[in-house]
Amino acid sequence: MTSELDIFVGNTTLIDEDVYRLWLDGYSVSDAVALRVRSGILEQTGATAAVLQSDTMDHYRTFNMLERLLHAPPKLLHQLIFQIPPSRQALLIERYYAFDEAFVREVLGKKLSKGTKKDLDDISTKTSITLKSCRRQFDNFKRVFKVVEEMRGSLVDNIQQHFLLSDRLARDYAAIVFFANNRFETGKKKLQYLSFGDFAFCAELMIQNWTLGAVDSHVDDMDMDLDKEFLQDLKELKVLVADKDLLDLHKSLVCTALRGKLGVFSEMETNFKNLSRGLVNVAAKLTHNKDVRDLFVDLVEKFVEPCRSDHWPLNDVRLFLNQYSASVHSLDGFRHQALWDRYMGTLRGCLLRLYHD
């Protein structure tokens, strides 16, 4: 009696997404096996504990071998050792470079150096993210920073080209790199209510409007560095609050346009000069590195907190900022309209994102 067997031989590398997630999250093999048992996989598959242990170890060996390729994603695409379909390659890369919101908020704006890396033990304890995962995420931030810091051209495009990330993840990394390069303070207590998404939104606006690349696409590091000449020129805006006639006229124009439209009109009218001085003085101080670093602290202190204490609804904040910005074009004695628009166009967007009524 003869038996017929159909045999299929293949060399495609199998990727179990659930095990990959456990590996990325920094679990040991034994912890990963325990978590898989708890998920009910033995009952679902009929496998034994020994088989599950062997399967998990096999996947972990594969991921450990793939890791050096994930450090330079184009190498993963061009290597011949692991036969992995393109869709699976994209998944491996995207998830390897994904990060936890809680972790990035702890390191955002800090120098990506050994000094910060020494703090990872404390960050791991605080966020309940494994130390191994914290190290992977920190090393990814540092690796991307090192690769793109000297490159010409768009920060997002450079990140996508060299790390093959999705557009959204590349934009997030651009924000992380931009904040690390300019050392913006994000850790103060009064900024804790802000999410990474809030800061990333502001980073994108600043990259588009306040960097060297915003005015000259042929400049080195164009999306990394703020335009120093622009920051120096911002001192010219101080005339808006130093010249009493201009300040009074600006207030009159804004109040005339918004009368009957704001629920907090009387509060706005009373505090107009203080709010205007706050916004203009923030601009005038951006010539100093410390004041650049404290930009978000100053915006919250000088504008967000005063408006919040008077219970301004978000829509009233939007109406005020729109009119406050536009009315400057009607000030005959003011000669820096383009500079004002470049400054306030970005600041208005940031303030609306920072203001949580």
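In the predicted model, residues F296, L299, F303, V304 and R308 of helix α19 are in contact with L347, L351 and L354 of helix α21. Sorted by character, the residues of this contact comprise seven nonpolar, no polar and one charged. Helix α19 spans residues 295–309 and helix α21 residues 337–354, and their axes, which come within 10 Å, cross at roughly 60 degrees. Because this angle falls outside the ranges for roughly parallel (under 35 degrees), roughly perpendicular (65 to 115) and roughly antiparallel (over 145), α19 and α21 are oblique to each other. The crossing in which α19 passes α21 is right-handed.

A second helix pair is formed by α16 (residues 244–258) and α20 (residues 314–327), which pack at an angle of about 135 degrees with their axes 9 Å apart. That angle makes α16 oblique to α20, and the crossing of these two helices is right-handed. On the side of α16 the contact is made by H250, L253, V254, A257 and L258, whereas α20 contributes L319, F320, Q323, Y324 and S327. The residues of the contact of α16 with α20 divide into seven nonpolar, three polar and no charged.

The largest nonpolar core of the model contains 113 residues, among which M268, F320 and Y343 touch the most other members. The element that gives the most to this core is helix α12 (residues 167–182), with 10 residues. F320, one of the three residues named for the core, also takes part in the contact of α20 with α16. For Y343, when residues up to four places away in sequence are not counted, the residues touched are W210, F230, L234, L237, L279, V282 and A283.

Two further positions, T116 and D227, were examined individually. T116 lies in helix α8, which covers residues 114–117, and T116 is buried because its relative accessible area of 8% falls under the 20% cut-off. With residues up to four places away in sequence left out, T116 touches V107, K110, K111 and F138. D227, by contrast in setting, lies in the loop between α13 (196–209) and α14 (228–233), and at 8% relative accessibility D227 likewise counts as buried. Along the chain, D227 and Y27 are 200 residues apart, and the C-alpha atoms of these two residues are separated by 44 Å.

Definitions and conventions
Residues are numbered from 1 along each chain as its sequence is written. This is a predicted model: local features need pLDDT of at least 70, side-chain atom pairs count only at pLDDT 80 or more; totals for chains, interfaces and linings use all residues. Side-chain values use heavy atoms; hydrogens and water are left out. A nonpolar core is a set of buried Ala, Val, Leu, Ile, Met, Phe, Trp, Tyr and Cys residues joined through side-chain atoms within 4.5 Å. Buried means under 20% relative accessible area, exposed over 50%, partly exposed in between (1.4 Å probe, protein chains only). Helices (H or I, at least four residues) and strands (E, at least two) are DSSP runs, numbered from the N terminus. Contact means heavy atoms within 4.5 Å. Axes are lines fitted to C-alpha atoms, for helices over the stretch in contact, and angles run from 0 to 180 degrees between N-to-C directions. A crossing is left-handed if the near helix is turned anticlockwise from the far one by less than a right angle, and right-handed if clockwise. Ala, Val, Leu, Ile, Met, Phe, Trp, Tyr, Cys and Pro count as nonpolar, Asp, Glu, Lys and Arg as charged, and the others, Gly among them, as polar.
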